[in-house]
Amino acid sequence: MAKKAVILVLDSFGIGYAPDAAKFGDVGANTFGSIAKAFKAAKGRQLALPNLAGLGLVKAAKAAAQGVAADVQDAQQVVGAYGYARELSSGKDTPSGHWEIAGVPVLFDWGYFHDKTDSFPPALIDELCRRTGVPGILGNCHASGTDILVKLGDEHISTGKPICYTSADSVFQVAAHEQHFGLEKLLQFCQVARELLDDYNIGRVIARPFTGDSAQTYARTGNRRDYSVLPPAPTLLDKLTAAGGTVISIGKIADIYAHQGISQTLKATGLPALVDSTLAQMAQQSDNSLIFTNLVDFDQNFGHRRDPIGYGEALEYFDSRLAELMAACDPDTLLLLTADHGCDPTWQGTEHTREYIPVLAYKPGMAAADLGERMSFADIGQTLADYFALDAMAYGESFIARLN
Ligand SMILES: O=P(O)(O)O[C@H]1O[C@H](CO)[C@@H](O)[C@H]1O
Ligand SMILES: [Mn+2]
Ligand SMILES: [Mn+2]
């Protein structure tokens, strides 16, 4: 039988703080609940997500938030399977979340640059400048990637020094102007940084190219590149491709999995283009294929930017496209919607939040099913291993039997 699966990761769409949120200072965070509240206060109407509610999102969110419901209208009839999952991985970062979704939780601790200023070891910066020939770096601190452009963009252009910054995540981020510094030079700089940062156990180096000619107009472009370390074990993607299947990466997925277990990489920028590309692949791909899309805008443009109204509007837009995605499923297509961590846009700071993620599954004609609380994001990978008749993953409990 022909089998296709589609995963859409709504990046940062948490639905209630996780049982271990206290370790992260995140007790009380709820990305979905906070968006719904702020949206209603600002617009005088409820956030309207009829198609997500139809897959069971409102029910899953209510259960995840221990009865504190996101103020969103529930559907009269649910047509999918819905649950909520906690994270086994020790961090609340994007690679940990994605790798765990694909059956490989990250149980070790990443390296972090904890100091808010003078964050990077001088020996690292010296070596990086020596090997790349740049005259020094700017930043060297924890920062929001948009704020730091306003602050240091002009100086970057006049000095030719790249802006290097980090956050509570295991990241080394480099912002540089696409024309003045050059995109290629930025990517080369990041590749050297990647080599040096393996010793520091840093999960990702991220190139953050931008354009514009003043603090008012500096804007990041779609040419972001993430240089990730390899997942600690073969993921579902590796297993599926090794078995002759096809994995189509749309958006950031290939970068997040360090290009492991990917058959084809499709870039698209912005929610509309990412959904369009997903729909196009659903029409094209056939047997044993996984179409895997990351919707980064939720996290990058709204979660980290602490913009709950923009987040709500983006959710409504996605919900309107979800009807098309569901209609594009033939009887052999399994559609999964989930997230990789939370990023409550009303929470203090600009970082991710440790939350339950939604697990929503849909196949045409299936009976509604309550999947309840899942003990790991890896239940998704295990379910897909079952679905594609692959060897079981080391983590996760399959819910394939509930998808009939
Ligand atoms: O503020 P920006 O540059 O968007 O950074 C955010 O993006 C990084 C990667 O997801 C996170 O570590 C977070 O700090
Ligand atoms: Mn993420
Ligand atoms: Mn993020």
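A visitor and a guide talk through a predicted model of one protein chain.

Visitor: What am I looking at, in helices and strands?
Guide: The protein chain has 13 helices and 14 strands. Both are DSSP runs, numbered from the N terminus: helices are H or I with at least four residues, strands are E with at least two. This is a predicted model, where local features need pLDDT of at least 70, side-chain atom pairs count only at pLDDT 80 or more, and totals for chains, interfaces and linings use all residues. Residues are numbered from 1 along each chain as its sequence is written, while chains are lettered from A and ligands numbered from 1 in the order in which they are written.

Visitor: What are the spans along the principal axes?
Guide: The C-alpha trace spans about 60 × 50 × 35 Å. The radius of gyration is 21 Å, which agrees with the value near 22 Å for a compact globule of 404 residues. That radius is taken over C-alpha atoms, and the globule rule is 2.2 Å times the number of residues to the power 0.38.

Visitor: What share of the residues is buried?
Guide: Buried residues make up 52% of the 404. A residue is buried if 20 or more other C-beta atoms lie within 10 Å of its own, exposed if 12 or fewer, and partly exposed in between; the C-beta atoms are placed from the backbone.

Visitor: And what share of the contacts links residues 24 or more positions apart?
Guide: Such pairs account for 68% of the contacts with a separation of 6 or more. A contact means that two C-beta atoms, placed from the backbone, lie within 7 Å.

Visitor: Okay, the core. How many residues has the largest nonpolar one?
Guide: It has 90 residues. L57, Y84, L336 and L360 have the most contacts inside it. A nonpolar core is a set of buried Ala, Val, Leu, Ile, Met, Phe, Trp, Tyr and Cys residues joined through C-beta atoms within 7 Å.
Visitor: What else lies apart from it?
Guide: Another core, of 32 residues, lies apart from the largest one. L149, A175, L197 and Y227 are among its members.

Visitor: Why would nonpolar residues gather like that?
Guide: In soluble globular proteins, nonpolar side chains tend to be buried together.

Visitor: Back to L336. What is it in contact with?
Guide: Leaving aside neighbours within four places in sequence, L336 is in contact with A5, V6, I7, L360, A361 and I380.

Visitor: L57 came up too. Which buried residues does helix 3 have?
Guide: L57, V58, A60, A61, A63 and A64 are buried in helix 3. That is six of the eight residues in 57–64, so the helix is largely enclosed by the rest of the structure.
Visitor: What covers them?
Guide: The cover includes helix 1, helix 2 (50–54), strand 2 (81–85) and strand 13. Just after helix 3, Q66 takes a positive phi of about 50°.

Visitor: New topic. Which residues does UniProt list for "binding site"?
Guide: One annotation, from an unreviewed entry, covers D11, D340 and H341. They span 331 residues in sequence, yet no two of their C-alpha atoms are more than 7.2 Å apart, so they gather at one spot. UniProt also lists D299, H304 and H352 for "binding site", again from an unreviewed entry. These are spread over 54 residues of sequence but cluster in space, with a largest C-alpha distance of 8.6 Å. Positions are in the numbering used here, feature names are shortened, and annotations may be inferred rather than shown by experiment.

Visitor: Where is D11, and is it buried or exposed?
Guide: D11 lies in the loop between strand 1 (4–10) and helix 1 (31–43). D11 is buried, with 25 other C-beta atoms within 10 Å. Beyond four places in sequence, its contacts include D299 and D340.

Visitor: And D299?
Guide: D299 is in helix 11, residues 297–303. It counts as buried because it has 27 C-beta neighbours inside 10 Å. D299 touches D11, S12, H304 and C343, not counting residues up to four places away.

Visitor: Where does H341 sit?
Guide: H341 is in the loop between strand 12 (333–338) and strand 13 (357–362). It is buried, with 30 other C-beta atoms within 10 Å. H352 is one of the residues that H341 touches.

Visitor: Last one. Where is I400?
Guide: I400 is in the segment after helix 13 (378–387). With 14 C-beta neighbours inside 10 Å, I400 counts as partly exposed. Its C-alpha atom is separated by 5.4 Å from that of T383, 17 residues apart along the chain.
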